[in-house]
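Biologist: I'd like to learn how to read a model like this one. Can we take it feature by feature?

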Amino acid sequence: MPGEPLSATPARAAAFVRQDPAPACPPPPSGQGVFAAIGDNLFGGWRSSMMTIAALALLGLALPPLLRFLIFDAVWSAPDGELCRAPGAGACWAFIARKLPYFAYGSYPIGQRWRVDLTLAFGAALIVWLLWLDAPGRRLAAFLFFFAYPILSFLLLHGAPSFGLPTIDSDLWGGIFVSLLVATVGIVASLPLGILLALGRRSSLPVLSLACAGFIECVRGVPMITVLFMANTMLPLFVPESLAPDRLIRPLIGVALFASAYMAEVVRGGLQAIPKGQFEGAQALGLRALPTLRFIILPQALRHVIPGIVNTFIGLFKDTTLVAIVGIFDFLRTVDSARLDPVWAGPTISATGYVFAALFYFVFCFSMSRYSLFVERRLSRGRDR
Amino acid sequence: MPQDNQKPAIEIIAVNKWFGAFHVLRDINLSVAPGERIVICGPSGSGKSTLIRCINRLEAHQSGKIIVEGTELTGDLRKIDEVRREVGMVFQHFNLFPHLTILENCTLAPIEVRKMARAEAEAIALHYLGKVHIPEQAHKYPGQLSGGQQQRVAIARALCMNPKIMLFDEPTSSLDPEMVKEVLETMAELAREGMTMLCVTHEMGFARQVADRVIFMDAGAIVEINGPEAFFSDPQHERTKAFLGQILK
Ligand SMILES: Nc1ncnc2c1ncn2[C@@H]1O[C@H](COP(=O)(O)OP(=O)(O)O)[C@@H](O)[C@H]1O
Ligand SMILES: [Mg+2]
């Protein structure tokens with residue numbers, strides 16, 4: 001043994017030995033309670049106080065006219081644009097109320113609109129079922145949503161003469177339901193496609209990895225509008241006339257491909273964050289490549305990049321407005337055309353229409369953002385490293 | 001004690017391996033009998049990890065033969081699967097799956113690889129978690145356990161596949177000193193039950209107590225193999241002496 005044990009030298013007394021336990025004390029008083037927090041955060045120091053006062057002044061300038069336009073001076077009900085044209089009138093909500101069916105369904109025949117309602121109701125129910133993490137039978141929900149629902153929606157929306165549902169040409173489709181359709185297809189297709197592309201790009205087979213990287217870079221390197229135009233004009237060149245996809249399907253494919261390229265890069269970021277040891281741990285247990293991906297790698301990789309995934313979804317949701325370029329009557333396009341109606345035309349109509357559209361998009365995007373935060377918090381519960 | 005008349009659990013014959021131009025394993029020859037406990041030591045970078053990772057094909061060797069439980073390791077995926085089912089491995093950094101509970105960590109491979117029913121897999125997992133003395137942690141996540149507990153879970157996870165051979169790659173090197181003992185004790189128990197073990201470690205007390213043979217590696221080659229008594233009291237090679245002189249100081 002090197003050196004002597006300490007106990008052998010009782011003569012050398014320790015410099016300090018605590019005799020009684022250290023008592024626990026309450027924290028210092030500041031930082032407790034709402035008022036203290038407000039005081040500290042808004043008026044802690046002169047710089048902070050100046051900023052607070054400036055912000056309050058700005059709010060004071062902007063809020064009253066905004067509230068007056070949106071609420072106090074707004075026209076809530078009117079048979080036509082007469083009242084809204086009156087000087088000093090605010091937002092013309094009556095116009096929105098009147099045009100709501102058009103905003104929702106486009107030119108879908110009025111007698112058949114229950115079919116859209118039914119499709120949306122089914123979709124909403126299934127999505128709630130899927131997103132509610134503690135719901136029973138989520139596997140069944142996933143099966144219904146990803147396999148049964150697309151078929152059902154197609155039959156309902158497009159029609160099935162043999163079931164007594166007349167065919168409704170997609171030229172007549174429009175409004176919110178088309179926007180939701182494009183967004184849903186884009187979101188549902190882009191995640192799996194993006195995962196495949198990301199895995200392909202990381203593959204050790206040079207051909208596969210080059211092809212995936214090439215696709216991703218090409219799609220990311222051009223504006224979405226270009227992709228839509230190409231989908232619209234070039235798809236029909238590759239397939240015979242009779243098989244040429246429907247006017248609405250083409251931009252759907254374009255949107256899905258565009259979003260999946262972005263998704264692929266997000267997912268790749270998540271894959272790169274997985275330590276090599278996770279693959280080795282799985283391999284050593286005898287797990288093959290596919291189960292390793294499914295049970296070990298993807299759950300962790302996707303969890304790392306939930307914010308990025310939802311960010312892509314939100315971008316995609318707003319980008320669906322671009323399908324108007326290739327002649328699809330999405331929600332924004334219906335707003336845009338409704339405001340030209342001479343019955344309603346007036347100085348506030350455009351502003352009202354666009355505020356309404358902005359609200360619509362905001363509600364959806366904000367919900368997605370909040371939901372993703374909720375999922376992140378849920379998933380990190382008890383699993384912190 | 002190993003019996004000489006049995007066919008070896010692992011046979012490594014004239015194995016060479018390169019990383020690029022770097023000759024990492026040089027003419028390795030080793031035969032491990034069933035039930036034999038082998039401790040491998042040597043300076044950092046001498047190829048110890050690479051050698052035991054070749055035994056379950058986490059690394060591919062480029063020449064020579066490795067035969068595990070009668071199956072020769074080649075590029076053939078089915079052979080690799082066969083070998084990996086018989087060989088458990090414990091890593092320096094545990095490599096537990098952080099998003100799965102302890103129980104799920106232990107049942108995943110039996111269910112997916114051995115196609116075991118969930119209930120049976122769980123019963124087996126709880127049995128082995130009991131053997132490594134942490135049955136009460138089954139529903140926690142790895143991040144909630146101490147390093148020593150995590151490493152014992154990793155051992156239980158490997159045992160759930162009912163392997164014939166266990167490989168350990170510096171299982172205590174990333175543990176705080178007070179946790180080293182609990183992991184070494186778990187490994188010693190396993191050794192007493194007759195598991196074939198290859199263990200890369202610098203815990204010389206463990207080597208003395210458990211090993212049938214101690215191997216010293218340096219610069220990609222096996223420099224010395226001997227029984228633990230002789231290895232520690234009477235090392236033959238100069239480099240072995242120098243190495244032992246350093247770590248036993
Ligand atoms: N994947 C790899 N690629 C290139 N060199 C490697 C790789 N893995 C290990 N090495 C090198 O091989 C040598 C032996 O590594 P290793 O077997 O991990 O040594 P040990 O476990 O004995 O410390 C080291 O010099 C290391 O840098
Ligand atoms: Mg090593």
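Biologist: Let's start on the surface: which residues make a nonpolar surface patch of about 820 Å²?

Modeller: L56(A), L59(A), L63(A), L66(A), L67(A), I71(A), F72(A) and W76(A) make that patch. To count, a patch residue needs over 30% relative accessible area and no salt bridge; nonpolar side chains (Val, Leu, Ile, Met, Phe, Trp, Tyr) are joined within 5 Å, like charges within 9 Å. Areas come from the Shrake-Rupley method with a 1.4 Å probe, and for residues only the protein chains shown count as cover. Before we go on: this is a predicted model, where local features need pLDDT of at least 70 and side-chain atom pairs pLDDT 80 or more, while totals for chains, interfaces and linings use all residues. Residues are numbered from 1 along each chain as its sequence is written, chains are lettered from A and ligands numbered from 1 in the order written, and side-chain values use heavy atoms, leaving out hydrogens and water.

Biologist: Take F72(A): is it buried or exposed?

Modeller: F72(A) is exposed, because its relative accessible area is 61% (buried is under 20%, exposed over 50%, partly exposed in between, with a 1.4 Å probe and protein chains only). F72(A) sits in helix α2 of chain A, residues 46-72. Helices (H or I, at least four residues) and strands (E, at least two) are DSSP runs, numbered from the N terminus.

Biologist: And what does a buried residue look like? Which residues does F258(A) touch?

Modeller: Leaving out residues up to four places away in sequence, F258(A) touches V219(A), V222(A), P223(A), M224(A), V227(A) and D319(A) (contact means heavy atoms within 4.5 Å). F258(A) belongs to helix α10 of chain A, residues 249-272, and is buried at 8% relative accessible area. Sequence distance and space are two separate readings here: F258(A) and I216(A) are 42 residues apart in sequence and 8.7 Å apart in space, C-alpha to C-alpha.

Biologist: What about a loop residue: is T172(B) buried or exposed?

Modeller: T172(B) is buried, with a relative accessible area of 5%. The loop that holds T172(B) runs between β7 (165-169) and α6 (177-192) of chain B. Among the residues T172(B) touches, not counting those up to four places away in sequence, are V180(B), L184(B) and E203(B).

Biologist: Now the ligand. Which residues are around ligand 1?

Modeller: They are F19(B), F22(B), V24(B), P43(B), S44(B), G45(B), S46(B), G47(B), K48(B), S49(B) and T50(B) (a residue is near a molecule or strand if one of its heavy atoms lies within 4 Å of it). The largest share of that shell, three residues, comes from α1(B). Next, check polar contacts (pairs of N or O atoms within 3.5 Å; within protein, one must be able to donate a hydrogen and the other to accept it, and residues adjacent in sequence count only if both atoms are side-chain atoms). Polar side-chain atoms lie 2.5 Å from a ligand 1 oxygen for S49(B) and 2.8 Å for K48(B). For S46(B), a backbone N or O atom is 3.2 Å from an oxygen atom of ligand 1. The protein covers 60% of the 560 Å² of accessible area that ligand 1 has on its own.

Biologist: How many residues of α1(B) are buried?

Modeller: Seven of its eight residues are buried, so α1(B) is mostly covered. R53(B) is one of them. Just after α1(B), R57(B) takes a positive phi of about 60°.

Biologist: How do I read charged pairs? What does E280(A) form with R53(B)?

Modeller: Side chains of opposite charge can pair when their charged atoms come close. E280(A) forms a salt bridge with R53(B), the closest N and O atoms being 2.7 Å apart (a salt bridge is a side-chain nitrogen of Lys or Arg within 4 Å of a carboxyl oxygen of Asp or Glu). E280(A) lies in helix α11 of chain A and R53(B) in helix α1 of chain B, so this pair joins two chains. E280(A) and R53(B) are both buried.

Biologist: Which lysine meets E280(A) in a salt bridge?

Modeller: K276(A) does, at 3.5 Å, N to O. Both residues lie in helix α11 (residues 276-284) of chain A, four residues apart, about one turn. K276(A) counts as exposed at 60% relative accessibility.

Biologist: How many salt bridges are there over all chains?

Modeller: A search of the whole structure finds 24.
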